[in-house]
Amino acid sequence: MTKQLTTDRGTVNLEGPVSQAKLELMDIDTGLGNFRSPLRQKEALMEIANLSEGLVYIAQIDEKIVGYVLFHYPSEFSRWIRHPRLLELGAIEISQNWQKNGLAKALLAEAFKNQALEEYIIITTEFNWHWDLKNSGLNVWQYRDMLKKVFGSVGFKRRHTDDPEILEHQANMLMVRVGKNVSKHHADMFTDLTYQHSILL
Ligand SMILES: CC(C)(COP(=O)(O)OP(=O)(O)OC[C@H]1O[C@@H](n2cnc3c(N)ncnc32)[C@H](O)[C@@H]1OP(=O)(O)O)[C@@H](O)C(=O)NCCC(=O)NCCS
């Protein structure tokens, strides 16, 4: 699926899920360096697109990637892997050259048109050490509020958890979107997973 978004800076194409082969032929914007170098980021997107459960959505202009959001199974070392109907939104990034033009919200809206995602609980574990405080000019609390707005636009809500990595800093947060076709049984299983240590006591 492809959708065009008209911004003050020009028209951006939003599309996905994109294949590894398609990504390979594309360029990547130099402003996509928050998590790793743009070239390494392109390789990471290709790896995820190649996973059976991996989904990559991109914002692109003239075959140059200017933003992406990706989904995959959670890490095998995390508690979340024990849930049979759970996907992780691993990252969303918009090029520094294109931020604050509505791309993140529009790309998420495009991705969540995929009805298959309604079968899943989707989490995003937000750690402040991954955030771009320097470029955004926001402090951790303002950045957290900005992310709540971005993810909240497609139905993610903050959930409390005793996950030690989340608890490491007060600004960190777990955000969760429960797809409309998720059963009560699977929703309850997820609630049990959020508070592991209290269950073990
Ligand atoms: C977070 C991120 C993806 C947002 O992308 P974006 O395309 O600029 O976001 P949007 O333009 O869709 O803006 C969404 C909302 O956040 C606000 N916002 C975004 N960046 C902002 C900033 N630096 N300062 C203030 N508000 C900001 C927008 O004004 C908008 O608010 P609205 O809903 O009231 O209109 C982008 O900042 C980014 O790539 N950051 C680095 C990677 C990262 O932190 N990813 C998230 C963790 S995985």
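Among contacts in the protein between residues at least 6 apart in sequence, 63% join residues at least 24 apart. The model is a predicted one. Its secondary structure comes to eight helices and nine strands. The radius of gyration is 17 Å, close to the 17 Å that the globule rule gives for 201 residues, so the protein is as compact as a globular protein of that length. Taken along the principal axes, the box filled by the C-alpha atoms is roughly 55 × 35 × 25 Å. Of the 201 residues, 29% count as buried.

A starting point inside the fold is strand β7, which covers residues 121-126. Six of the six residues of β7 are buried, so the strand is largely enclosed by the rest of the structure. The cover is on both faces: I121, I123 and T125 are buried on one side, and I122, T124 and E126 are buried on the other.

The pairing of β7 can be followed to other strands. Three bridges connect β7 with β6, and these two strands run parallel. In this pairing L86 has I121 of β7 as its bridge partner. Six bridges connect β7 with β9, residues 173-178, and here the strands run antiparallel. I121 appears in this pairing too, with V178 in β9 as its bridge partner. From β9 the path continues to β8, residues 157-159, through three bridges, again between strands that run antiparallel. R158 stands opposite M175 in β9.

Next comes helix α3, residues 103-111. The helix is mostly covered, with seven of its nine residues buried. The buried residues are L103, A104, A106, L107, L108, E110 and A111. What covers them includes the strands β1 (2-7), β2, β4, β5 and β6, together with the helix α5.

One of these buried residues, L107, also stands out in the largest nonpolar core. That core has 42 residues, of which V56 and L107 touch the most other members. Leaving aside neighbours within four places in sequence, V56 is in contact with G16, P17, V18, L23, L45, I48, A49, Y68 and L70.

Two of the contacts of V56, G16 and P17, are joined by a peptide bond that is cis, with omega near -5°. P17 lies in the loop between β2 (10-15) and α1 (20-24).

The ligand has a shell of 22 residues around it, and the closest are I94, Q99, A104, K105 and S136. By type, the shell divides into 10 nonpolar, six polar and six charged residues. The elements β6 (86-94), α3 (103-111) and α5 (140-152) each supply at least two residues of this shell. A104 therefore has two descriptions: among the residues closest to the ligand, and buried within α3, where a residue counts as buried if 20 or more other C-beta atoms lie within 10 Å of its own.

The loops hold some further details of the backbone. D62 is not a glycine, yet its phi is positive, about 50°. This residue sits in the loop between β4 (55-61) and β5 (64-72). With 10 C-beta neighbours inside 10 Å, D62 counts as exposed. K100 also has a positive phi, near 60°, in a residue other than glycine. The place of K100 is the loop between β6 and α3. K100 counts as exposed because there are 10 C-beta neighbours inside 10 Å.

The last loop in this account is the one between β5 and β6, where S78 is found. With 16 other C-beta atoms within 10 Å, S78 is partly exposed. S78 and D163 are 85 residues apart in sequence, while their C-alpha atoms are 9.2 Å apart in space.

Conventions:
Residues are numbered from 1 along each chain as its sequence is written. This is a predicted model: local features need pLDDT of at least 70, side-chain atom pairs count only at pLDDT 80 or more; totals for chains, interfaces and linings use all residues. Two strands pair if DSSP finds at least two bridges between them. Helices (H or I, at least four residues) and strands (E, at least two) are DSSP runs, numbered from the N terminus. A residue is near a molecule or strand if its C-beta atom, placed from the backbone, lies within 6 Å of it. Ala, Val, Leu, Ile, Met, Phe, Trp, Tyr, Cys and Pro count as nonpolar, Asp, Glu, Lys and Arg as charged, and the others, Gly among them, as polar. A nonpolar core is a set of buried Ala, Val, Leu, Ile, Met, Phe, Trp, Tyr and Cys residues joined through C-beta atoms within 7 Å. A residue is buried if 20 or more other C-beta atoms lie within 10 Å of its own, exposed if 12 or fewer, and partly exposed in between; C-beta atoms are placed from the backbone. Two residues are in contact if their C-beta atoms, placed from the backbone, lie within 7 Å. The radius of gyration is taken over C-alpha atoms; the globule rule is 2.2 Å times the number of residues to the power 0.38.
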